[in-house]
Amino acid sequence: MNPTNNQHVLNWLNEMAAMTKPDNIVWIDGSEEQVAALRKEALASGEIIQLNQEKLPGCYLHRTTWDDVARVEGRTFICTKTKEDAGNINNWMDPAECRAKLTKLYTGCMKGRTMYVIPYSMSIVGSPFAKYGIELTDSIYVVLNMEIMTRVGFNVLEALGDSSDFIKGLHSKATLDAENRYIVHFPEDDTIWSINSNYGGNVLLGKKCFALRIASYLGRKEGWMAEHMLILGVTYPDGTKKYVTAAFPSACGKTNLAMLIPPEVFQKQGYKIETVGDDIAWLRVGSDGRLWAVNPENGFFGVAPGTNEKSNPNALHTCMKDTIFTNVCLNTDTNTVWWEGLDNNPPVHAINWKGQPWDYHTYDKADKVNTSGAHPNSRFTAKATNCPCLSPAFYEPNGVPVDAIIFGGRRARTAPLVYQSTSWQNGTFVGSIMASETTAAAAGAVGVVRRDPMAMRPFVGYNMGDYWAHWLEMGLKIPHPPKIFNVNWFRTDDEGNFIWPGFGDNLRVVLWILARCAGKVDADITPIGYLPKAEDICIDGLEGITLDTVRDLLSVDTAAWLEDVENIKEFYAQVGDHVPQAMYDELAALEARLKAADPQLRMPVCPAP
Ligand code: GTP
Ligand code: SPV
Ligand code: MN
């Protein structure tokens, strides 16, 4: 018996089943009993491994195949009717051609398998932000992950009623053939098709595919925004609460900032932080004229390596129960998990992410993928409700009002620790010129600087130029817009070491940002925007960081910026003729200010009014 009479749902389901030909169809009702039964089945087949239930209750390990460990941007497509609507930054395929091509791959791919039907909601079911999806998949691993990452169950079908307003997602592991791996989006038809992968961002269709690519397209149509942003709450000693969102590219510190532990000096004064979200924010203009943010997800799909008791204890505690680990290292003595950067005690007897016996002496930093115990992009899938610092606002259907939007990336040199844009338009420009060194979160070379506007390069479901125009239009619709900033935790010294301690100490920068929003602190005006006076970044209790270090972190190298301007011009040309004129005006103005500045300039020019 079907749990819904919705003909849009049933017709589509029948059509997909006729193509993929599963032996069985099973609806996922969201109950703990059903999840437990599926877990048992996955344990029996070896799809997941049960971990030490005393030390890690409710935790399991899964390994993907060695060539299926990250998002595959080269095989991700936006299939709009015209190539122009997808833009030059996205891969594009003609929708009809793409459907024909993938239909061949999908035909009969679920023979001998079960098709699971997962009704899920992004955001709280029935809330003003909520959007519904149904994912069809032949992977129990996907079901178990979706159950953590989204709100799954028949209440979604009830909320949907007879409506056709849901996102149709089809996923099949098929043969996991990398050559025929496709992650394709039909934004004009509310459809996502994914085949031949079983890794996170490629297959948990509620996440990047829906909540960013499809949602960004819908947001433009409907007047809201879907962004690759964490949402962080700061509580002041007097009880005041402020919220910021921050967009950093994949594996550049969103989860860590979202869960930071305040440095001791701030804890003593009574500062607290709360996590609302760690990866995706949906933003709408509230009736009070401010911008409001919700986290549409229900869990965290976080990077494991580097997570430890010091860097991110909140994330560590979140994933000590009810968690699925993917591609981490297994300690076979204790049946627990390990990853590089967890502690200095690598397991003596271990199985690496590839499923082979592993000797930690073979580890070579220069070749992490082949020598590490855990894959550099290994992950934990954990429930938001297990997070010790989860904000009560996580449960607020209307989300939280945003004071500041923070952009940032990994830049060894050019970008200073923090600077503030001068307006929404200038802030949109600052987002558009973001650049970052690539990470293991996507397949391909690591450590190459590439432009990643708003940390959304891989996630905008339409033309990048139109996306910037949408940002500008939103600015006109928000009577009290957040202020926009840029940060960089990743400046390095001559030996390549990070200068700024980062992690919890990033609160020091966030507090300057919030002080600027409240009009409580002055800044220096420079060619790139407002910079803090070094003494306004609190360094109390920070070992090894002096006022001079902060000055150095805040320095602006005019020559390097002028080089960057040339690179931005090339990037804008690549984005093409949808780039709004206002962005070119901002770029020309930046270049003029840099050229007018002292070429030796490493310091702010004059105090701001
Ligand atoms: P996605 O889930 O891929 O979107 O990544 P993310 O943006 O949430 O990144 P995450 O917080 O998981 O951090 C990724 C890596 O960056 C981890 O190895 C962290 O240890 C490291 N990292 C995070 N914050 C900082 C920081 O402030 N300084 C330094 N040096 N490293 C950091
Ligand atoms: C990212 O790559 O930005 C992630 C992980 O958050 S994935 O879900 O694989 O996209
Ligand atoms: Mn992400």
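Q: Which atom of ligand 2 does aspartate 279 sit across from, and how far off is that atom?
A: In this predicted model, a polar side-chain atom of aspartate 279 lies 3.4 Å from an oxygen atom of ligand 2.

Q: OK, and what about lysine 208 and that ligand?
A: Lysine 208 also uses a polar side-chain atom, and that atom is 2.5 Å from an oxygen atom of ligand 2.

Q: What part of glycine 201 faces ligand 2, backbone or side chain?
A: Backbone. An N or O atom from the backbone of glycine 201 lies 3.0 Å from an oxygen atom of ligand 2.

Q: How much of ligand 2 does the protein bury?
A: The protein buries 98% of the 290 Å² that ligand 2 exposes when taken alone.

Q: Which residues are around ligand 2, then?
A: The residues around it include Arg71, Tyr199, His228, Ser250, Phe301 and Arg379. By class, the shell around ligand 2 has five charged, four nonpolar and three polar residues.

Q: Switching to ligand 1: how many residues surround that one, and which are the closest?
A: There are 22 residues around ligand 1, and the closest are Ala251, Lys254, Thr255, Asn256 and Arg379. Arg379 is also listed among the residues around ligand 2.

Q: What's the mix of classes in the shell around ligand 1?
A: Ten residues are nonpolar, eight are polar and four are charged.

Q: Which element gives the largest share of that shell?
A: Helix H9, with three residues. H9 covers 254–258, and H9 and strand E18 (299–303) each supply at least two residues of the shell around ligand 1.

Q: Which polar atoms come up to the oxygens of ligand 1?
A: Here are three cases. A polar side-chain atom of asparagine 506 is 2.9 Å from an oxygen atom of ligand 1. For phenylalanine 503, a backbone N or O atom lies 2.9 Å from an oxygen atom of ligand 1. For proline 305, a polar backbone atom is 3.2 Å from an oxygen atom of ligand 1.

Q: And how much of ligand 1 gets covered?
A: On its own, ligand 1 has 660 Å² of accessible area, and the protein covers 91% of it.

Q: You mentioned E18. What sheet is E18 in?
A: E18 belongs to an open sheet of five strands, in the order E2-E3-E19-E24-E18, with mixed pairing.

Q: Why do E2 and E18 each have one side without a neighbour?
A: Strand E2 (49–50) and E18 stand at the edges with a single partner strand each, so one side of each is left without a neighbour in the sheet.

Q: How does E2 pair with E3, parallel or antiparallel?
A: Antiparallel, over two bridges, with E3 covering residues 60–62. Isoleucine 49 stands opposite leucine 61 in E3.

Q: Let's try another strand. Is E26 mostly covered or mostly open?
A: Mostly covered: E26 runs over residues 404–408, and five of its five residues are buried. On one side the buried residues are Ala404, Ile406 and Gly408, and on the other they are Ile405 and Phe407.

Q: Why do the residues split between two sides like that?
A: In a regular strand, side chains alternate between the two faces of the sheet.

Q: Which strands does E26 pair with?
A: Among its partners are E14 and E30. E14 (residues 241–247) runs parallel to E26, joined by four bridges. E30 (residues 483–487) also pairs with E26 in the parallel sense, over five bridges.

Q: What does isoleucine 405 stand across from?
A: Threonine 245 stands opposite isoleucine 405, and in E30 the bridge partner of isoleucine 405 is isoleucine 484. Further along, alanine 247 stands opposite phenylalanine 407 in E26.

Q: How much of E14 is buried?
A: Five of the seven residues in E14 are buried.

Q: And what links E13 to E14?
A: E13 and E14 form a hairpin with five residues between them, and glycine 239 in the turn has a positive phi of about 95°. The two strands pair in the antiparallel sense over six bridges, with E13 at residues 230–235. Isoleucine 231 has threonine 245 as its bridge partner in E14.

Q: Last one: which residues have the most contacts inside the largest nonpolar core?
A: Trp282, Phe407, Trp468, Trp471 and Tyr572, in a core of 136 residues. A second, separate core has 32 residues, including Met16 and Cys79. Phe407 is also one of the buried residues of E26.

Definitions and conventions: Residues numbered from 1 in each chain as written. Chains lettered and ligands numbered in written order. Predicted model: local features only at pLDDT ≥ 70, side-chain atom pairs only at ≥ 80, totals over all residues. Heavy atoms only, no water. Near = heavy atom within 4 Å. Polar contact = N/O pair within 3.5 Å; in protein donor to acceptor, adjacent residues only side chain to side chain. Areas by Shrake-Rupley, 256 points an atom, 1.4 Å probe, with all protein chains shown as cover. Nonpolar A, V, L, I, M, F, W, Y, C, P; charged D, E, K, R; others polar. Core = buried A, V, L, I, M, F, W, Y, C linked by side-chain atoms within 4.5 Å. Buried < 20%, exposed > 50% of the residue type's maximum accessible area, 1.4 Å probe, protein only. Pairing = 2+ DSSP bridges.
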